[in-house]
Amino acid sequence: MNPFAALAGSLTHSLRKLGAVTLFLLDILRRCPAILARPKLVTQEVYKSGVLSLVIIMTSGFFVGMVIGLQGYDSLSRLRQEGILGAGVALTLLKELGPVVTALLFAGRAGTAMASEIGLMNATDQLSAMEVMAVDPVQRIVVPRFLGAVISVPLLTAIFNSIGILGAWFIGVAVMGVDNGEFWTQMQEYVEPADVWEGVWKSVAFGVTAGLVAVFEGYHSPPTAQGVGMATTRTVVTTSIAVLILDYLITAFLL
Amino acid sequence: MGPSGTGKTTLLRMITGQLRPSAGSVRVAGQDVAQLNRNELYQLRRRMGMLFQNGALLTDLNVFENVAFPLRENTQLPDSLIRPLVLTKLNAVGLRGAASLAPSELSGGMGRRVALARALVMDPELILYDEPFSGLDPISRGVVLRLIDMTNELLGLTSIIVSHDVEEVAAIADEIHVIAGGKVTASGTPDALRESPSDLVRQFITGAPDGPVAFHYPAPDYRADLFGGFE
């Protein structure tokens, strides 16, 4: 095939998919009020995607924090600036690593579970059965899971950041001997509320992205074993790329 | 009834409004299904029940909650009313004792019976069965057959069964329509169809392996195909 035609083809395909995802998001948002009136459906999903992701988030957060503490200490000690380790670690985590790594881990731990669950429900006619029972599957199945992700990701990010800072403190202060008071006061000195908000906006945007990609891929997966498998893979790949692109865009916009 | 892949399930999905016909119309209770808006369609679906081929039970809910699902979603009934409603339906299919089991703990036949209880729990006027006997052992098959017959008689509802189990369906149906190639090729009482002059209907009823529905998928000449590589 002519390479231009192939390029145009894949471009139209991507645009069409982006359009479909946007329409799906509007569909979801339109049905949110009805589901918010039944908060139990949402809290169940927050438990499934958020609480059950705590172990991986906390473990990763601690190790990411420790490695930033170690690398940060190594770099800063060459400049004789170990004192600002706390500030450096906090800014790195709050503004960048916290939201991004949490979103990537969330996509792998909870996004895949959501996509394959919805995909299998579709493959085994459970969604069709709901439609026939006059129950809207987008409202009953998709919306609570989407909202669960939107609520969980910012909360998990906050936990990731806190544990990460503790990890860095452990390496910097407890192991490497940075002054404890300096670690915390420099952090207070240099971290502005705007830095915290940057991370919060990012984590909300990533929560919407991770949730939307997972429910979209699951809901639209072909009703076969291969289809559900592909949907799970695409959930991780698409979320990861979208999160990294969005991260750049939000940073460029806010700085 | 009709051979596999001839559009029987598609027809059912048009009756429930999940698919729109590209030509013609489907009328249920006097309403043209394709013309209804979302709310009207959902209102109409509350008067229908459907039993899916594999039961389609919700895997994250237990048997009781599966049967209670349509009531919880479509009505404001309190738990004190939902409980007896669900238990009577489960008792009717003989599975009151299985109320707390998960769908994964049920056999195929039990799953089908739970799905039947769920289809009946809203007291529908019309009930659709998609291949209710496929994949069941003879005992479960007999049980499901008896349940379908009984609900039809006792509740006085309209039942549409899509199936290719000739004997089972002929035993309980008032009327059989044979669909093949996207068309209704024969209609009538089970007895009338047995006498049908159509080759296709006779092939279907007697289960002959070859006839109008050919045993072989269309293929090039056998000899030419086998030795094609040497020429």
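From the N terminus on, the elements of chain A run α-α-α-α-α-α-α-α-α. That gives chain A 9 helices and 0 strands. The model is a predicted one. Chain B mixes both kinds of element, with 10 helices and 7 strands.

**The two chains in numbers**

The table sets out the two chains.

| Chain | Helices and strands | Span of the C-alpha trace along the principal axes | Buried share of residues |
|---|---|---|---|
| Chain A | 9 helices, 0 strands | about 65 × 55 × 30 Å | 44% of 255 residues |
| Chain B | 10 helices, 7 strands | about 75 × 40 × 40 Å | 30% of 231 residues |

Contacts can also be sorted by separation along the sequence. In chain A, take the contacts with a separation of 6 or more: residues 24 or more positions apart account for 87% of them. In chain B, among contacts between residues at least 6 apart in sequence, 58% join residues at least 24 apart.

**A sheet in chain B**

Chain B holds an open sheet of 3 strands. Its order is E3-E4-E5, and the pairing is parallel. E3 and E5 of chain B stand at the edges. Each has a single partner strand, so one side of each is left without a neighbour in the sheet. Neighbouring strands of this sheet are turned by 15° against each other on average, direction ignored.

Strand E4 of chain B covers residues 126-130. This strand is mostly covered, with 4 of its 5 residues buried. Strand E3 of chain B, residues 48-51, is joined to E4(B) by 4 bridges, and the two run parallel. Within that pairing, Leu51(B) has Tyr129(B) as its bridge partner in E4(B).

The other pairing is with strand E5 of chain B, residues 158-162. Here E4(B) and E5(B) pair in the parallel sense over 5 bridges. Leu128(B) stands opposite Ile160(B) in E5(B). Tyr129(B) stands opposite Ile161(B) in E5(B). Tyr129(B) thus appears in both pairings: with Leu51(B) and with Ile161(B). In a regular strand the side chains alternate between the two faces of the sheet.

How does the chain get from E4(B) to E5(B), and which hand does the crossover have? The chain passes through helix H6 of chain B, residues 138-155. This β-α-β crossover is right-handed. Another helix, H1 of chain B (residues 8-15), lies across E4 and E5 of chain B. Helix H1 of chain B runs at about 155° to E4(B).

**Where the chains meet**

Chain A and chain B are in contact: 11 residues of chain A meet 15 residues of chain B. Which helix of chain A gives the largest share of the side that touches chain B? Helix H5 of chain A, residues 126-132, gives that share, with 5 residues. By type, the residues on this side of chain A divide into 5 nonpolar, 3 polar and 3 charged.

Phe69(B) offers a close-up. Its place is in helix H3 of chain B, residues 63-74. Is Phe69(B) buried or exposed? Phe69(B) is buried, because 21 other C-beta atoms lie within 10 Å, and 20 or more is the cut-off for that label. Leaving out residues up to four places away in sequence, Phe69(B) touches Met133(A), Leu58(B), Leu61(B) and Arg118(B). One of these, Met133(A), belongs to chain A. Phe69(B) and Val86(B) are 17 residues apart in sequence. In space they are 9.6 Å apart, C-alpha to C-alpha.

**The nonpolar core**

The largest nonpolar core has 106 residues. Those with the most contacts inside this core are Phe146(A), Ala210(A), Val215(A) and Val67(B). That list includes residues from chain A and chain B. Helix H4 of chain A, residues 85-123, gives the most to this core, with 18 residues.

Phe146(A) can be followed further. Its partners are Ile28(A), Gly211(A), Leu212(A) and Val215(A), not counting residues up to four places away in sequence. Val215(A), one of these partners, is also among the residues with the most contacts inside the core.

Notes
Residues are numbered from 1 along each chain as its sequence is written. Chains are lettered from A and ligands numbered from 1 in the order in which they are written. This is a predicted model: local features need pLDDT of at least 70, side-chain atom pairs count only at pLDDT 80 or more; totals for chains, interfaces and linings use all residues. Two residues are in contact if their C-beta atoms, placed from the backbone, lie within 7 Å. Ala, Val, Leu, Ile, Met, Phe, Trp, Tyr, Cys and Pro count as nonpolar, Asp, Glu, Lys and Arg as charged, and the others, Gly among them, as polar. A residue is buried if 20 or more other C-beta atoms lie within 10 Å of its own, exposed if 12 or fewer, and partly exposed in between; C-beta atoms are placed from the backbone. Two strands pair if DSSP finds at least two bridges between them. A crossover is right-handed if, with the strands pointing away from the viewer, the path from the first strand over the helix to the second runs clockwise. A nonpolar core is a set of buried Ala, Val, Leu, Ile, Met, Phe, Trp, Tyr and Cys residues joined through C-beta atoms within 7 Å. Axes are lines fitted to C-alpha atoms, for helices over the stretch in contact, and angles run from 0 to 180 degrees between N-to-C directions.
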